[in-house]
Amino acid sequence: AQLNRIEGGYGLIGFSYTENRLTEDGDSLTLKNTLLHYRMSFGNNLSWDFAYGRGRMNGNQVHEGDVFAMPIRLRINPKVHFEYYPVWSSYNGGSMSEHQFSFNWQHKHYGLTTGYKNWSAGPTTVNGLFAGLYVNF
């Protein structure tokens with residue numbers, strides 16, 4: 001699986017574009033979400049967003065639908081934070097949920113992340129560990 005995410009904003013308002021690509025045994029699924037975020041901070045160490053937007057699922061068929069997310073970030077110190085990033089979406093009457101738990105280390109504008117992600121839709125579940133790099137301005 002591959003995750004690409006771009007986030008931006010200022011103050012209370014933000015946006016994100018996310019693209020998840022899953023490939024397994026010759027099958028592929030791409031999930032694209034564009035969300036508008038209402039961002040809340042509780043001091044410098046806790047943030048919680050409400051995000052809503054549209055998504056597109058492209059696999060054997062193409063569906064578009066509504067997407068809601070509530071990412072929560074807990075900063076342990078200036079270099080370390082935990083993140084829980086749940087996403088719920090509805091495509092053509094079917095629902096899908098994503099839950100991502102990550103541990104992140106950042107130095108200046110660069111960071112490392114590792115965690116666990118779970119996708120589920122009906123009886124089907126895909127999950128696993130991940131690691132990655134990110135840039136933050």
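Let me begin with a turn: β2 and β3 form a hairpin with two residues between them, and D25 in that turn has a positive phi of about 50°. Strands here, like helices, are DSSP runs numbered from the N terminus (a strand is E with at least two residues, a helix H or I with at least four), and two strands are said to pair if DSSP finds at least two bridges between them.

Before going further, I should say that this is a predicted model, in which local features need pLDDT of at least 70 and side-chain atom pairs count only at pLDDT 80 or more, while totals for chains, interfaces and linings use all residues. Residues are numbered from 1 along each chain as its sequence is written, and side-chain values use heavy atoms, with hydrogens and water left out.

Back to that first hairpin, then. β2 and β3 pair in the antiparallel sense over twelve bridges, and within this pairing L22 stands opposite L29 in β3. D25, found in the loop between β2 and β3, is not a glycine, although its phi is positive. Most residues other than glycine have a negative phi. As for its surroundings, D25 is exposed, with a relative accessible area of 75%, where exposed means over 50%, buried means under 20%, and partly exposed is in between, using a 1.4 Å probe and protein chains only.

The next hairpin along the chain joins β3 to β4, with three residues between the strands, and here G43 in the turn has a positive phi of about 75°. β3 and β4, the latter covering residues 46–58, pair in the antiparallel sense over 13 bridges, and the bridge partner of S41 in β4 is S47.

Further on, β7 and β8 run antiparallel and are joined by twelve bridges, with P86 having H99 as its bridge partner in β8. Their hairpin has two residues between the strands, and N92 takes a positive phi near 55° in it. β8 in turn is joined to β9 by eleven bridges, again antiparallel, and S97 has S120 as its bridge partner in β9. K108, which lies in the loop between β8 and β9, has a positive phi near 55° and is a residue other than glycine; K108 is exposed, with a relative accessible area of 65%.

Now to the interior. Which residues make up the largest nonpolar core? The core has twelve residues, namely L22, L31, L35, A51, M57, V67, A69, Y85, V87, Y91, M96 and W119, where a nonpolar core is a set of buried Ala, Val, Leu, Ile, Met, Phe, Trp, Tyr and Cys residues joined through side-chain atoms within 4.5 Å. The elements giving two or more residues to this core are β3, β4, β5 (62–69) and β7 (80–91), and β7 gives the most, with three residues. If we take A69 as one member, and leave aside its neighbours within four places in sequence, A69 is in contact (heavy atoms within 4.5 Å) with L35, D49, F50, A51, Y85, P86 and V87.

Finally, the spaces, which need a longer definition. On a 1 Å grid over the protein atoms alone, a cavity is a set of points where a 1.4 Å probe fits but cannot get out, whereas a pocket is an open set with protein on both sides within 12 Å along at least five of seven lines, and lining residues have an atom within 4 Å of a point. Grid points are joined across faces, edges and corners, and a volume is the space filled by probe spheres set on the points.

The largest pocket holds about 1,400 Å³ of space and is lined by 47 residues, of which R5, E7, R73, E83 and Y134 lie nearest its centre. The second largest pocket has a volume of about 620 Å³; its lining numbers 23 residues, with L22, L29, M96, T124 and V126 nearest the centre. L22 and L29 are the pair that stand opposite each other across β2 and β3, and both L22 and M96 belong to the largest nonpolar core.

There is also one cavity of 30 Å³ or more, with about 50 Å³ of space in the largest cavity. The lining of that cavity consists of R5, T18, N20, N33, L35, Y85, V87, E98 and K117, and β2, β3 and β7 each supply at least two of the lining residues.
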